[in-house]
Amino acid sequence: MGTQDLNQLGRQKLVAVTGSIKTHPRNMNTSVVKDESSTWTECLLRIANHSDQAAFQQLFKKFSPLIKAFAIRQSAVGEQASLSEELVQETMVKIWQKAGSFNPKKASASTWIFTIARNTRIDLLRKTARHHQNRISNDHSEDGFDVEDIWIENEDEDAFNQLVKQRNNEMLHKSIKELPDEQEFILKKVYLEDKSHTEIAEELNLPLGTVKSRVRLALTKLRVSVER
Amino acid sequence: MANKQLVKYHPDTRFLTDYAAGSLPESQALCVAAHLHHCADCRAHIRELTQVGTELFMEQPAAEVSSGCLDQVMARVAGAINEPAKTPATAANDSSSSDAVKKTETVSLPRAISKMTSGNLENLKWRTLGKSFRYSTINTGDEFRESSLLEIKAGGEIPRHHHGGDEITVILKGSFSDQEDKYNVGDFIVRSQGETHTPVASQDEDCLCITTLDAPIKMNNVFYRMLMPFLNRPTSA
Ligand SMILES: [Zn+2]
């Protein structure tokens, strides 16, 4: 890996790859995405404002199978069936408890839920690790930090207006489906399997630099700015 | 979260992506969070990267959840109905706690750090090395890395040292310079194994940093050993 790369000397923009959009037979229906997204927002607001259990069950029906899938992809959690259901439970309970802090101006419902699932998984893994190791605690040890103190919820309001945001999400939705297999594969490892670049490099027996460039290439295709 | 100074050094895409995905080791994530505290650009970038994760999350094939799961969740949720609503966002803003001491009041520290210090750096256990340098070890639970807060007195320097592993440093207060550049609050500085440098704090202000260093073997006093490479024997301190 280049030291230069790590040191982020300069911030040259890689120009996003435009054009050459492959037409895949897989189709997508953006209007469904849009409708669903506002449904989940309403559900969260109903939970927040009215402790609405029916709305919560509706969310459960949609999201618990996704959270479970997300749990299973993480090898340490996925090995134990009880742990993956624990992640579903813990995440869903947190969704209920935290619904009051959901702000549709700051995040979409699905992003907000994904973030909670991600943080809960970090927390769960930490607890399991702590359970297995006989950790020597030092100084002001206790339990380290709250996950939410490190993976902080974005407090900035989204600068884009709703229409632009919607269009961006649709574009992202569409372009993920158009990623070459190799890039989709690596992005799934990053986001779903909970593997860091370093771990992926070890697993695939690739230089770290190769993993980095594949991820960057994929992100560029998704029009996510890769400045550094 | 605002910072008037321009942040010059940012985490690269690898750090930001791993952070957004949640796989970055906590000790390094702590450094990224410290940077984000000062950098709106990278916060916006994290937002995009989190959206990518969301999209992949939503596109997963559904996995079957056992029939009892909903009941168990509903039982816990029903039990929680009468509890007062949680407001985690406001509860976390504890940097204004009444016992905050003048010394650190003026500095906006990242949330995890400000919770740790409870508004006063002197609440931490410090180890002093030489006249102008002290450090306090942070327990992140990471076996492979050591995180510390470092404080260099104004004009003071860290003895010339050699890196045995990769090191991330983020400036929380003040500034320092080395042979290459001057670094300010929020800068995310990565030094690789084998590099040598001699950071010097600026003359007008003490410099506070957080640093996370690769440490292949868990030792009590990694930082000390880093500074004294020739004493680097694995005896327990
Ligand atoms: Zn930045």
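**Notebook: two chains and a zinc site**

I began with chain A: among its contacts (heavy atoms within 4.5 Å) between residues at least 6 apart in sequence, 65% join residues at least 24 apart. A note to self: this is a predicted model, where local features need pLDDT of at least 70, side-chain atom pairs count only at pLDDT 80 or more, and totals for chains, interfaces and linings use all residues. Residues are numbered from 1 along each chain as its sequence is written, chains are lettered from A and ligands numbered from 1 in the order in which they are written, and side-chain values use heavy atoms, leaving out hydrogens and water.

**Chain A**

I looked up the secondary structure next, taking helices (H or I, at least four residues) and strands (E, at least two) as DSSP runs numbered from the N terminus. Chain A has 11 helices and 0 strands. Of its 228 residues, 46% are buried (under 20% relative accessible area; exposed is over 50%, partly exposed in between, with a 1.4 Å probe and protein chains only).

**The interface**

I then turned to where the chains meet. Chain A gives 89 residues to the contact and chain B gives 77. Together they bury about 7800 Å², with 58% of it on carbon and sulfur atoms; this is the accessible area (1.4 Å probe) that two parts lose on being put together, summed over both. I found 7 salt bridges across the interface, each a side-chain nitrogen of Lys or Arg within 4 Å of a carboxyl oxygen of Asp or Glu. I followed up Arg126(A) with Glu26(B), whose closest N and O atoms are 2.2 Å apart.

**Helix H2 and the zinc ion**

Glu26(B) led me to H2(B), where it is among the buried residues. Helix H2 of chain B covers residues 26–36, and 11 of its 11 residues are buried. His35(B), also in H2(B), has 0% relative accessibility.

His35(B) (NE2) is a zinc donor too, along with His10(B) (ND1), Cys39(B) (SG) and Cys42(B) (SG), at 2.0 to 2.3 Å from the ion. Donors here are N, O and S atoms within 2.8 Å of the metal (3.2 Å for Na, K and Ca); water is not among the atoms, so sites may look incomplete. I checked the geometry: the 4 donor atoms make angles of 105 to 114°, and the site is tetrahedral (for four donors, all angles between 85 and 135 degrees). The donor spacing in sequence reads H-x24-H-x3-C-x2-C. Cys39(B) is buried as well, at 4% relative accessible area.

Technical notes: Tetrahedral: all angles 85-135°; square planar, octahedral: opposite > 155°, others 65-115°.
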